[in-house]
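Welcome, and take a moment to turn the model around before reading on. The paragraphs below walk through it step by step.

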Amino acid sequence: PARGPLFSLPITVVIPHAISPPPPLGALTPAQLETAGDETAAPPALSFPLTLQGGVPVRRFISVPESAEWAKVTLRSGRMANGPHAVLLHAVPSARGDLPNTACQTKRMLQLRELSEEVVQLPVRGGATLEL
């Protein structure tokens, strides 16, 4: 004890971005009620700007809505010098305990060109956290 601790254990607390749930049916306007059961209606969305630097990982944690089975990730590029640029999209659903993350993760190498858009669909687990 006089020599100090044998080891230290750093702990990181992650608070995921929340996607706002749709309003309850009683709070919808008549126009919104017409599209409430429509499969073409827009699903809940979360958007945030990113500035990427070469070789520097950027991680975001997202709370997945309870009823979600799939997520659509859209990457839109702005003006870029010296493009196109390669971006690795690495998505890991929350640790399940029954599967190694290599069995449930998604990795995609994308070539982003100036003023372009790339869309990736990936499986998620409702009520869990998705790491992007």
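Two residues are said to be in contact when heavy atoms of theirs lie within 4.5 Å. Keep that in mind as we go, and remember too that this is a predicted model.

Let's begin with the overall layout. The protein has two helices and six strands, and along the sequence they follow the pattern α-β-β-β-α-β-β-β. Among contacts with a separation of 6 or more, 74% join residues 24 or more positions apart. Of the 132 residues, 20% count as buried. The protein exposes about 10,500 Å², and carbon and sulfur atoms supply 56% of that area.

A good first stop is H17, in the segment before α1. Which residues does H17 touch, once its neighbours within four places in sequence are left aside? They are L46, F48, R60, F61, I62 and S63. Look at I62 in particular: 45 residues separate H17 from I62 in sequence, yet their C-alpha atoms are 4.6 Å apart in space. H17 has a relative accessibility of 32%, so H17 counts as partly exposed, given that this class lies between 20% and 50%.

Staying in the segment before α1 (30–34), you will also find V13. Is V13 buried or exposed? Its relative accessibility is 70%, so V13 counts as exposed, the cut-off being over 50%. V13 also helps to make a nonpolar surface patch of about 880 Å², together with L6, F7, L9, I11 and I15.

Now let's move to the interior. The largest nonpolar core has 17 residues, and those with the most contacts inside it are L89, L122, V124, L130 and L132. Several strands contribute to this core: β2 (70–76), β3 (85–93), β4 (106–112) and β5 (117–123) each supply at least two of its residues.

L89 is a handy place from which to explore. Not counting residues up to four places away in sequence, L89 touches V73, T106, K107, R108, L110, V120, L122 and L132. Two of these partners, L122 and L132, are also listed with L89 among the core residues with the most contacts.

From L89 we can step across to T106, which sits in strand β4. T106 has a relative accessible area of 10% and is therefore buried, since buried means under 20%. Beyond its neighbours within four places in sequence, T106 is in contact with L89, H90, A91, L122 and P123. So the tour comes back to L89 and L122, both partners of T106.

Note on methods
Residues are numbered from 1 along each chain as its sequence is written. This is a predicted model: local features need pLDDT of at least 70, side-chain atom pairs count only at pLDDT 80 or more; totals for chains, interfaces and linings use all residues. Side-chain values use heavy atoms; hydrogens and water are left out. A nonpolar core is a set of buried Ala, Val, Leu, Ile, Met, Phe, Trp, Tyr and Cys residues joined through side-chain atoms within 4.5 Å. Buried means under 20% relative accessible area, exposed over 50%, partly exposed in between (1.4 Å probe, protein chains only). Helices (H or I, at least four residues) and strands (E, at least two) are DSSP runs, numbered from the N terminus. Patches are made of residues with over 30% relative accessible area and no salt bridge: like charges are joined within 9 Å, nonpolar side chains (Val, Leu, Ile, Met, Phe, Trp, Tyr) within 5 Å. Accessible areas come from the Shrake-Rupley method with a 1.4 Å probe; for residues, only the protein chains shown count as cover. A salt bridge is a side-chain nitrogen of Lys or Arg within 4 Å of a carboxyl oxygen of Asp or Glu.
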